[in-house]
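Visitor: Could you walk me through this one? I'd like to know what the terms mean as we go.

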Amino acid sequence: MDRNQTLVYEPVEIEAFDFRRAMEEASRCLLCEDAPCSTACPSDTDPEKFIRSIRFKNVNGAAETIRESNILGASCALICPQEKLCEQACNRCGIDEPIQIGKLQQFAMEYERKLDKTYLSKTDTYIDKHVACIGAGPASLACAAELAKEGVEVTIFDENEKPGGMLRYEIPPYRLPDVVIEQDIRQLEKLGVKFELNHKVTIDEKEQMKNEYDAVFVGAGTWEAKKIDIPGINLEGVVNALDFLEQAKVSNGKSPSLGRVVIVGGGDVGMDCASTCKHLGADSIYDVFMETLKDAPATEKEKVESFKIGVPLISEFKPVEIIGDEKVEKVKFEHITNGSTMEMVADTVIMAVGQKTRQDAQYWNQRSDIFTGGDMVNGGDTVVQAVKEGKEAATKIINTTFKN
Ligand code: SF4
């Protein structure tokens, strides 16, 4: 393959239920009392309620139920690890297969998008209050939505050109298309939430905001890649996963040929890199990680997907050296228990070994007068967990600031 050739993402249709398939799946639901699927959702979405609506052909009601609890309901339908949350808890597991709750949520959210529906409205309870949310990722968006519903005037600041944070700049478009992110953002705009984009808020500015706003929420995410200190880590051809995914996304997958790729890391980000490399036409892709296959942090869905697209997952090896002159040529690994070694040839090495909050954002976690939530507090978790924390922060702002 010509190494200077430019490659572009192939458009991918995300498979969705049609009306008949959605009705069939909803009719399998037992409509349980005290449904465990409902208590398993961090964002408090109630699958029993929205599936009941679908079953009675009230798709509008289903979409409304989802929206009331999750401002990122459309995105979460596609990227939530349902098999570890609602679907794992589903009572139907003991009979045959769990209800495909994520697919039914996707069906209801597609109805909302196609008909450009709006379900959320504002009260005027706190109409005189102003809140600044720093960062336009999931936690900030959820916090902003909850406050806006109570009449609060919310402005979200973000240094990027578009809102969405990790949703926008990390998750590949064939898992989460931009049109779905836009659908969720539109709900915030309809609630009157304002966005100040391309605006990096400095520490001084944040201090000033403390005086200008009734409350400040910081959801700065984890935008700094963790680095492992091994020989050769700075060779040309070694990239971190965050930069790789962001670059692939903002350039719409236009990328110089990657050649033979070795990915280090067994989390969802590593698997996203693997599928992105596949879309970009890499010559070969291997994903190597320290954990056993079972213990690797990626979801089962992601691991299965990697197998399906032909990416071998090699477990229980850690990288000890990246070999090359100026550019990477090989990666040396060592088995974590028996110490045996192996070398893998590579033109590109993608390090997906975790991420952390940037130094300047860590400052805000230590402040009791600033509200925080999402990955910068929990160290990196699911989007739906960030939604939960954003909602909790909004409740805290109302209870501790507005009511005093
Ligand atoms: S637990 Fe499963 S079967 Fe019961 S209401 Fe929830 S989705 Fe339906």
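Guide: Let me begin with a term: contact means heavy atoms within 4.5 Å. Axes are lines fitted to C-alpha atoms, for helices over the stretch in contact, and angles run from 0 to 180 degrees between N-to-C directions. Helices (H or I, at least four residues) and strands (E, at least two) are DSSP runs, numbered from the N terminus. This is a predicted model, where local features need pLDDT of at least 70 and side-chain atom pairs count only at pLDDT 80 or more, while totals for chains, interfaces and linings use all residues. Residues are numbered from 1 along each chain as its sequence is written, and side-chain values use heavy atoms, with hydrogens and water left out.

Visitor: OK, so which strands does helix H13 lie across?

Guide: Helix H13 (residues 268-279) lies across S9, strand S10 (284-288), S11 and S15, and runs at about 175 degrees to S10.

Visitor: And what's the strand order in that open sheet?

Guide: The order of the 5 strands is S7-S15-S9-S10-S11, with parallel pairing, where two strands pair if DSSP finds at least two bridges between them.

Visitor: Which strands stand at the edges?

Guide: Those are strand S7 (238-240) and strand S11 (313-314), and each has a single partner strand, so one side of each is left without a neighbour in the sheet. Helix H12 (residues 241-250) also packs on this sheet, where it touches S7 and S15, and its direction makes about 80 degrees with that of S7.

Visitor: How many bridges join S9 to S15?

Guide: Strand S9 (residues 260-264) and strand S15 (residues 348-351) run parallel and are joined by 4 bridges, with Val264 opposite Met351 in S15.

Visitor: Switching topic, in what sense do S13 and S14 pair?

Guide: Strand S13 (residues 328-335) and strand S14 (residues 341-345) are antiparallel, with 5 bridges, and Val331 stands opposite Met344 in S14. Their hairpin has 5 residues between the strands, and Gly339 takes a positive phi near 75 degrees there.

Visitor: What about the ligand, which residues come nearest?

Guide: Of the 13 residues around the ligand, the nearest are Cys29, Cys32, Cys37, Cys90 and Asn91, where near means that a heavy atom of the residue lies within 4 Å. Helix H2 (36-39) and helix H3 (47-55) each supply at least two residues of that shell.

Visitor: Last one: where is Pro177, and what is it in contact with?

Guide: Pro177 is in the loop between helix H9 (166-169) and helix H10 (178-190). Leaving aside neighbours within four places in sequence, Pro177 is in contact with Ile14 and Leu78.
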